[in-house]
Amino acid sequence: MKPYMIETSKRLKKLPPYLFTEIDRAKRRLKDKGVDLIDLGIGDPDQPTPAHIVEALYQAAQEPSNQHYALDLGLERLRVSIANWYRERFGVKLDPQSEIQPLIGSKEGIAHIPLAFVNPGEAVLVPDPCYPPYKTGTILAGGIPYSLPLLSRNDFLPDFRKISPRILQKARIIFLNYPNNPTGAVCSRDFFAEAVRFARRNNLIVCHDAAYSEISFGGYRAPSFLQSEGAKDVGIEFHSLSKTHNMTGWRIGWACGNREIISALGKVKTNVDSGIFQAIQIAGIAALEGDQTHISRINRIYEERRNGLVEGLGDLGWQIKKPRATFYLWAPLPKGEKSSLEFARLLLEEANVVATPGVGFGETGEGYMRFALTTSQERIKEAVERIGKVL
């Protein structure tokens, strides 16, 4: 009798290896031994969700009418709230009926958008380093990720001129992300205008991930891709309440922009999920329409942590630029270090500090470490002291 075998799909086998497995295993081993780890690896805000948002969820969750399947399009009131926020924040007009699609977190929409537009063998232009779902969503749709190197000498912006015409002929989507994870880089409205022209020339769909637009310092305010003339003709923007309102676990975000692209993404969603729990949508309305003062307070906290970590490591001889946005530091490896994975292991085992190796975000990320500013100033100071003993 033929032996029974369970074999995963070719698409699943094509997913890049999880490069953090050894580090995660080492973290568990150290924690089991009672070691005090300082985690600067995860991009998950440590501050609580504002109380008025939690209260809105609590009240809404008790209503029986909110305990059924949600509509895939989301509550109309939520879509109106998103449209009002975009108009007030960016001066961008959106039709709540056709140009906004609520999502179970922006990650869900980012991973699903290639299913709507990418055929097997077609290319998707993906920044490198990048948030991994840009690549994995492409692979699961049968597409081929084509890396756009983000280099320091180009301020971590992709150089559209370097893309092969052969690749452009079979490319369907280009992903962009500013303020950027993991580099912390920002871009200007001029760059977005260039992206619109590039997309129009090459018949590309632009998918811009704006999850960190509200985390910024020193008076800087990030622009929206949709502010550029013609942007809604060629693309959409993904947004999220996760980072702005400390709601990572709530899973609520949206896509907005070109109505045909939004409609196609909605068709995918109709066939794979049943919408956002309605009480969470009501809490999202409270986040968008309620008191916003916590945003500036949170940004001041991140700015103090950024300054403390950059200046502390600078005193040790490790020079890192201060980012203008996001809660990440993108740090070139100290002199003498060649492997971000090995250096991450060294920090973990010798300093008991968790940081993310740059190569985990793509080949171009090699030579860098990512530190997340999602722990207290006191713990960051202690992390600097521990790292000093290693350096």
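Phe160, Tyr178, Phe191, Phe192, Phe198 and Phe225 form one aromatic cluster. Keep in mind that this is a predicted model. In total, the count comes to 21 aromatic pairs. One of them is Tyr212 with Phe327: the ring centres are 5.6 Å apart and the planes stand at 85°, so this pair is edge-to-face. The two residues come from distant parts of the chain, 115 residues apart. Tyr212 sits in the loop between β6 and α9, and Phe327 in the loop between α12 and β9. Both rings belong to buried residues.

Tyr212 also pairs with Tyr328, again edge-to-face, at 5.5 Å centre to centre and with 65° between the planes. Tyr328 is in strand β9 while Tyr212 is in the loop between β6 and α9, so this pair ties together parts that are 116 residues apart in sequence. Tyr328 is buried, as is Tyr212.

Next, the cores. As background, nonpolar side chains in soluble globular proteins tend to be buried together. Here the largest nonpolar core has 53 residues, and Tyr86, Leu125 and Ile174 have the most contacts inside it. At least two residues of this core come from each of α4, β3, α7, β5, α8, α9, β8 and α11. A second core, separate from that one, has 38 residues, among them Ile38, Ile215, Leu313 and Leu373.

What does Tyr86 touch, leaving aside its neighbours within four places in sequence? The contacts are Gly91, Val92, Leu94, Ser224, Leu226, Glu237, His239, Trp254 and Cys256.

Now a residue in strand β5, which spans residues 171-177: Ile173. Ile173 is buried, with a relative accessible area of 0%. Setting aside neighbours within four places in sequence, Ile173 has contacts that include Ile113, Pro114, Phe117 and Val118. Ala123, Val124 and Leu125 are also in contact with Ile173, and so are Leu204, Ile205 and Cys207. For a contrast, take Tyr58: Ile173 and Tyr58 are 115 residues apart in sequence, and their C-alpha atoms are 39 Å apart in space. Compare that with Tyr212 and Phe327, also 115 residues apart, which form an aromatic pair.

On to the strands. How many bridges join β3 to β4? There are 6, and the two strands run parallel. β3 covers residues 123-128 and β4 covers residues 144-149. One of the partnerships is Val126 with Ser147 in β4. Helix α6, residues 133-140, joins with β3 and β4 to make a right-handed β-α-β unit.

Last, the cysteines. The count comes to 0 disulfides. Why is Cys187 not bonded to Cys207? Cys207 holds the closest cysteine sulfur to that of Cys187, but the distance is 15 Å, too far for a bond, given that a disulfide needs the sulfur atoms within 2.5 Å. Cys256 gives a similar answer: its closest cysteine sulfur is also in Cys207, and at 11 Å that is too far for a bond.

Are these two cysteines buried or exposed? Cys187 counts as buried, at 7% relative accessibility. Cys256 is buried too, with a relative accessible area of 0%. Cys256 has already come up as one of the contacts of Tyr86, and Cys207 as one of the contacts of Ile173.

Note on methods. Residues numbered from 1 in each chain as written. Predicted model: local features only at pLDDT ≥ 70, side-chain atom pairs only at ≥ 80, totals over all residues. Heavy atoms only, no water. Buried < 20%, exposed > 50% of the residue type's maximum accessible area, 1.4 Å probe, protein only. Pairing = 2+ DSSP bridges. Helix = DSSP H or I, 4+ residues; strand = E, 2+ residues; numbered from the N terminus. Right-handed = clockwise from strand over helix to strand, strands pointing away. Phe/Tyr/Trp six-rings, centres within 6.5 Å; stacked < 30°, edge-to-face > 60°. Contact = heavy atoms within 4.5 Å. Core = buried A, V, L, I, M, F, W, Y, C linked by side-chain atoms within 4.5 Å.
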